[in-house]
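Visitor: I am new to this structure and would be grateful for a close look at a single part of it, with each term explained.

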Amino acid sequence: PAGAEIPFAHSHKRNEEIYIFTSGKGLFWLDGTKHPVKEGTAIRVSPSCVRSIRADNSTGLSYFCIQVDEGSLVQATQDDGIISEEKPNW
């Protein structure tokens with residue numbers, strides 16, 4: 001909701017996080033620096049980075065947080081895709 005904030009800052013031992021902001025605006029605190037965020041902003045945060053979030057006083061802020069083992073994506077290359085013979089029937 002408007003003006004809400006995470007009441008603490010935190011980091012992780014091994015998980016990185018991906019934040020995807022879906023509505024509103026606010027501030028994302030990363031290692032002591034305030035970064036403005038709004039709908040459409042996406043940020044990857046390394047485990048050791050200290051973070052917190054605060055919603056704007058008038059709009060509030062909504063987001064998803066995806067947490068994964070740092071460096072666990074091992075096939076993010078063009079060679080990982082497989083082109084299908086099947087075609088979409090638009």
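Guide: Cys-65 has 37% relative accessibility and therefore counts as partly exposed; buried means under 20% relative accessible area, exposed over 50%, and partly exposed in between (1.4 Å probe, protein chains only). This is a predicted model, in which local features need pLDDT of at least 70, side-chain atom pairs count only at pLDDT 80 or more, and totals for chains, interfaces and linings use all residues. Residues are numbered from 1 along each chain as its sequence is written, and side-chain values use heavy atoms, with hydrogens and water left out.

A search of the whole structure yields zero disulfides, a disulfide being a pair of cysteine sulfur atoms within 2.5 Å. Cys-65 accordingly belongs to none, and its nearest cysteine sulfur, that of Cys-49, lies 12 Å away. Cys-49, at 11% relative accessibility, counts as buried.

Cys-49 also belongs to the largest nonpolar core, which has 11 residues, including Tyr-19, Phe-21, Phe-28 and Leu-30. Such a core is a set of buried Ala, Val, Leu, Ile, Met, Phe, Trp, Tyr and Cys residues joined through side-chain atoms within 4.5 Å. Strands β1, β3 (42–45) and β4 (51–55) each supply at least two residues of this core, and β1 gives the largest share, four residues. Strands (E, at least two residues) are DSSP runs, numbered from the N terminus.

Within this core, Phe-28 is in contact (heavy atoms within 4.5 Å) with residues that include Tyr-19, Val-37, Ile-43 and Ile-53, leaving aside its neighbours within four places in sequence. Strand β1 (residues 15–30) also holds Ile-20, which is partly exposed, with a relative accessible area of 33%.
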